[in-house]
Amino acid sequence: MIELAALFAVTGAASNAVGTAFQRKAASTSRRTGVRLLGELMRRPAWVIGMAGVIGAAVFQSLALVNGPLALVQPLFILELPFALLVAGPLMHRRLPRSGWWGVGAVVAGLAVLLASAAPHGATSQAPLHRWVPAVGLCLGAMGSAVFLASRGRAGARRAALLAAASATGNALTAALLKSASGTFADHGFPAFLRSWQTYGFALTGAAAVLLLENALQAGPLAASQPALTIGDAVISLALGMTLFEERVRTGWWLVPEACGAALIVVGVLVLSRAVQRIAMT
């Protein structure tokens with residue numbers, strides 16, 4: 001089932017990449033912010049295609065979370081970044097520079113080393129309420145703080161990074177709630193799914209994460225928002241998986257290759273994000 005979860009997660013990352021690329025294309029030409037930005041984007045075909053990609057990603061993500069641990073599924077969504085750049089290049093009629101391909105290789109290699117070393121295991125699909133309350137409170141508090149700090153300054157890169165961090169936190173919380181709701185659906189059927197508070201929780205947090213993502217993409221360059229969005233989602237998801245669902249990763253000497261893999265991912269994400277600024281017209 002781990003292999004199936006990984007396959008669904010990679011497919012979801014590719015689908016989300018298509019969604020992000022088309023959303024970026026739609027949002028890059030707008031000067032609106034907040035809810036007005038979303039209202040304008042809903043009338044643009046590129047944004048509609050992007051949302052179809054996001055919805056497809058949610059379906060694959062649900063299937064992945066039912067079959068595997070959150071600590072495995074969400075880190076695999078790091079592949080969204082290289083996928084997004086590969087899709088965005090032809091979409092924007094641009095060519096990824098050579099450094100970008102080195103970044104792609106670093107992300108893929110780092111992710112392979114990290115997950116092979118960590119070997120996430122021991123997942124459950126449900127968590128007791130006394131674990132959910134502090135987890136939800138901390139995530140919502142972090143999102144609110146990031147949005148507040150973003151509103152205090154005008155610097156595009158700083159604002160984009162803060163809004164992306166808030167969106168990443170929302171994505172991670174959404175994935176945790178989705179895992180619980182999907183487990184309820186798999187075990188007890190659709191009526192129980194509709195009665196689960198996690199179902200409505202992931203719908204609300206998911207909508208908030210999408211809104212924050214749109215504003216992050218519009219606020220500043222991808223080099224500022226994407227590292228916070230990609231790495232933040234993986235790190236917070238790992239923490240939620242371990243605290244909520246009793247997931248475990250290997251420790252001891254395994255921490256050495258895990259750290260090396262994580263470092264490769266960070267370097268690859270930074271290289272890829274900066275490569276976007278040097279993409280050439282085709």
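Select Gln61 first, in helix α3 of this predicted model. Gln61 has a relative accessibility of 12% and is therefore classed as buried, the limit being under 20%. Display the residues around Gln61 and leave out those up to four places away in sequence: the contacts that remain are Gln74, Phe77, Ala175 and Leu178.

**The largest pocket**

Keep Gln61 selected and turn on the pocket surface. The largest pocket has a volume of about 660 Å³. Its lining comprises 31 residues, and those closest to the centre are Asn16, Val54, Gln61, Asn171 and Val210. Colour the lining by residue class to see 17 nonpolar, 12 polar and 2 charged residues.

Next, select the helices that contribute to this lining. At least two lining residues come from each of α1 (2-27), α3 (45-67), α8 (156-188), α10 (197-219) and α11 (222-244).

**From Asn16 to Glu80**

Centre the view on Asn16, one of the residues closest to the centre of the largest pocket, and then add Glu80 to the selection. Glu80 belongs to helix α5, which covers residues 80-91. Along the sequence, Glu80 and Asn16 are 64 residues apart, yet their C-alpha atoms lie 6.5 Å from each other.

Is Glu80 buried or exposed? Its relative accessibility is 11%, and Glu80 is buried because this value is under 20%. With sequence neighbours within four places set aside, Glu80 is in contact with Ala13, Asn16, Ala17 and Thr20. Show these residues as sticks around Glu80.

**The end of helix α6**

Move now to Ser117, a residue of helix α6. Ser117 is buried, at 6% relative accessibility. Which residues does Ser117 touch, not counting those up to four places away in sequence? They are Arg250, Trp254, Pro257 and Glu258. For Pro257, draw a distance between C-alpha atoms: Ser117 and Pro257 are separated by 6.3 Å, although their positions lie 140 residues apart along the chain.

Step on to Ala119, which is located in the loop between α6 (98-118) and α7 (129-151). Inspect the backbone here: Ala119 is not a glycine, but its phi is positive, at about 45°. Ala119 has a relative accessibility of 25% and so counts as partly exposed, a class that lies between 20% and 50%.

**The loop after helix α11**

Select Glu246 in the loop between α11 and α12 (255-275). Glu246 is another place to examine the backbone, as a residue other than glycine with a positive phi, near 60°. At 36% relative accessibility, Glu246 is partly exposed.

Now add the surroundings of Glu246. Apart from residues up to four places away in sequence, Glu246 touches His121, Gly122, Thr124, Arg131 and Gly241. For His121, the C-alpha to C-alpha distance to Glu246 is 8.9 Å, with the two residues 125 positions apart in sequence.

**The cysteines**

Select Cys139 and then Cys260. Cys139 is buried, at a relative accessible area of 6%, whereas Cys260 is partly exposed, at 46% relative accessibility. How many disulfides are found in the whole structure? The search finds 0 disulfides.

**The whole chain**

Finally, zoom out and show the protein chain as a cartoon. It contains 12 helices and 2 strands. Followed from the N terminus, the elements appear in the order α-α-α-α-α-β-α-α-α-α-α-α-α-β.

Colour the chain by burial. Of its 282 residues, 50% count as buried. Then switch to a surface view: the accessible surface comes to about 12,900 Å², and 71% of it belongs to carbon and sulfur atoms.

To close, display the contacts across the chain. Among contacts with a separation of 6 or more, 86% are between residues 24 or more positions apart. The pairs visited on this tour can be highlighted in this view: Glu80 with Asn16, at 6.5 Å between C-alpha atoms; Ser117 with Pro257, at 6.3 Å; and Glu246 with His121, at 8.9 Å.

Technical notes:
Residues numbered from 1 in each chain as written. Predicted model: local features only at pLDDT ≥ 70, side-chain atom pairs only at ≥ 80, totals over all residues. Heavy atoms only, no water. 1 Å grid on protein atoms, 1.4 Å probe; cavity = no way out; pocket = protein on both sides within 12 Å on 5 of 7 lines; lining within 4 Å. Points joined across faces, edges and corners; volume = space filled by probe spheres on them. Helix = DSSP H or I, 4+ residues; strand = E, 2+ residues; numbered from the N terminus. Nonpolar A, V, L, I, M, F, W, Y, C, P; charged D, E, K, R; others polar. Disulfide = S-S within 2.5 Å. Buried < 20%, exposed > 50% of the residue type's maximum accessible area, 1.4 Å probe, protein only. Contact = heavy atoms within 4.5 Å. Areas by Shrake-Rupley, 256 points an atom, 1.4 Å probe, with all protein chains shown as cover.
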